[in-house]
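User: Please take a close look at one part of this model and walk me through what surrounds it. Keep it brisk, and explain each term as you go.

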Amino acid sequence: MLGLQRETSSMYKRTSSRDYSPMIDVEDSSGLLENDVDNEMETTNPSWKCSLPHVLVATISSFLFGYHLGVVNEPLESISSDLGFSGDTLAEGLVVSVCLGGAFLGSLFSGGVADGFGRRRAFQICALPMILGAFVSGVSNSLAVMLLGRFLVGTGMGLGPPVAALYVTEVSPAFVRGTYGSFIQIATCLGLMAALFIGIPVHNITGWWRVCFWLSTIPAALLALGMFLCAESPQWLFKQGKIAEAEAEFERLLGGSHVKTAMAELYKLDLDKTDEPDVVSLSELLYGRHSRVVFIGSTLFALQQLSGINAVFYFSSTVFKSAGVPSDLGNIFVGVSNLLGSVIAMVLMDKVGRKLLLLWSFIGMVCSAMALQVGATSSYLPHFSALCLSVGGTLVFVLTFALGAGPVPGLLLPEIFPSRIRAKAMAFCMSVHWVINFFVGLLFLRLLEKLGPRLLYSMFSTFCLMAVMFVKRNVIETKGKTLQEIEISLLAKP
């Protein structure tokens, strides 16, 4: 069959896969496809070493995402003093959060960019505003210029995560896809910690905050240049009708002995979807045959943010200061907890599965938020015990979040979304993520003041408990399955 594919692909290389598939006899090809899959069961898994370099380059975008989230944490006081808005909390808040507006805009367009230009080119497009925005932020001499630079960086932040999730999912062998997906969360943690570390000299060296922005142009440039050497997503190439290129990329990613089976699965899936239109509209995402998986994805991201994780990050400095722990040391503790949880998730992702990690994670967040954070506000506890519970609750909350609720949604959603709508559906779900992230950040301090920590963290615990029930009822396990197997199993459901 591979010989037939090679012959025909040279003739129909630039045609759509839907136009190409009728050239093969359906009955004959079905038998061949089944034989291909059966034969593959006798072989070993493809080498993970082939795809690893491509995944590592892609996760530079996640490193940049984490870096730019934390880059203004330590330098904000120096920035406000040098640019003349010191003491203006609204202006300081805008410097921190204007990138969220850019991220929302970038995430809206990420699906169209990834489908229109390909995954590799999308990474390069993502790197450009990050380079330009970081440079503008570093040379800014007014609040307006700083906000422009942060907004430009935000558009790249919005483009990067959905494309990284798509790319890592599509180029990874099934047996290590969960592990590779965890690299995204680990890279984000490393970016946050790098921003904190690089920001340490800001109080001693005049103008160091400018260097903090300029340094981020180095990994952004490495991402843009590195993508010239990386493989394109074979699934995207197949959708474009570039059959020979898809085979070549499968060979780079999986090894020559696994190309036949990988291509056979793509053909089988394509034969099952010949009646679907090429264009994916918003109404199809919301009301079409795949609306349920889009609803599951959007709800997972919504519950991830409503769990209060970003509020815990925002409130952690205050908690540590009240316990007598310096804020920079407290932030390091939070960063280490986040990184430790992500590493554990990486080890367990392909062993225990996505669904079980999600359940454990949200259950752990319920316990830490309720038993520790709420308990720490009790008037019956000695002051020292309450502070220990509060600090411990913060660290356990972050640790359990990083075990599942943090890394799993970004990995699971590209797995369960059909290939035709994958990029657009990820863009829609990430938009939901950014909207709720914005409102949580905007309203947290206000709600804390009006409701108090006990009631507020009780609300977060309630959302985590809702997440446990939602995951148990709606999330399917994808561990060890190829993307084509997952899609075929979902299409078979009524």
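Analyst: Start with the words for angles: under 35 degrees counts as roughly parallel, over 145 as roughly antiparallel, 65 to 115 as roughly perpendicular, and the rest as oblique. The model is predicted, so local features need pLDDT of at least 70 and side-chain atom pairs count only at pLDDT 80 or more, while totals for chains, interfaces and linings use all residues. Residues are numbered from 1 along each chain as its sequence is written, and side-chain values use heavy atoms, with hydrogens and water left out.

The part to look at is helix α9, which covers residues 143–171. Helices here are DSSP runs (H or I, at least four residues; strands are E, at least two), numbered from the N terminus.

Begin with α5, residues 60–70. It packs on α9 at an angle of about 140°, and the two axes are 9 Å apart. Each axis is a line fitted to C-alpha atoms over the stretch in contact, and angles run from 0 to 180 degrees between N-to-C directions. The pair is therefore oblique. The crossing of α5 and α9 is left-handed (the near helix is turned anticlockwise from the far one by less than a right angle; clockwise would be right-handed). From α5, the residues in contact (heavy atoms within 4.5 Å) are S61, S62, F65, H68 and L69. From α9 come R150, V153, M157, G160, P161 and A164. By type, this contact has six nonpolar residues, four polar and one charged. Ala, Val, Leu, Ile, Met, Phe, Trp, Tyr, Cys and Pro count as nonpolar, Asp, Glu, Lys and Arg as charged, and the others, Gly among them, as polar.

α5 has another neighbour. Helix α4 (residues 48–58) packs against α5 at about 25°, with axes 4 Å apart. That makes α4 and α5 roughly parallel, because of the angle between them. L56, V57 and A58 of α4 touch I60, S61 and S62 of α5. Four of these contact residues are nonpolar, two are polar and none is charged. S61 and S62 appear here and also in the contact with α9.

Now the other neighbour, α10. α9 and α10 pack at about 155°, again with axes 9 Å apart. α9 is therefore roughly antiparallel to α10. Their crossing is right-handed. A164, A165, V168 and T169 of α9 meet R177, Y180, G181 and I184 of α10. Five of the residues in this contact are nonpolar, two are polar and one is charged. A164 takes part here and in the contact with α5.

α6 (residues 76–83) has these buried residues: L76, S78, I79, S80 and L83. Buried means under 20% relative accessible area, exposed over 50%, and partly exposed in between (1.4 Å probe, protein chains only). They pack against α9, and also against α7 (89–117) and α11 (208–215). Just after α6, G84 takes a positive phi of about 85°.

Next, the charged pairs. A salt bridge needs a side-chain nitrogen of Lys or Arg within 4 Å of a carboxyl oxygen of Asp or Glu. By this rule the count comes to eight.

One of them pairs E170 with R422, at 2.9 Å from N to O. E170 is in α9 and R422 in helix α23 (residues 422–474), so the bridge ties together parts that are 252 residues apart in sequence. Both residues are buried.

R177, from the contact of α9 with α10, pairs with E415 at 2.6 Å from N to O. R177 lies in α10 (residues 177–198) and E415 in α22 (residues 408–416), 238 residues apart. E415 is buried because its relative accessible area is 1%. R177, also at 1%, counts as buried too. Shared partners join the salt bridges of D115, R119, E170, K239 and R422 into one network.

One more bridge in that network involves K239 and D115, whose closest N and O atoms are 3.6 Å apart. K239 sits in α13 (residues 234–239) and D115 in α7, so this pair ties together parts 124 residues apart in sequence. K239 is partly exposed, at 27% relative accessibility. D115 is buried, at 15%.
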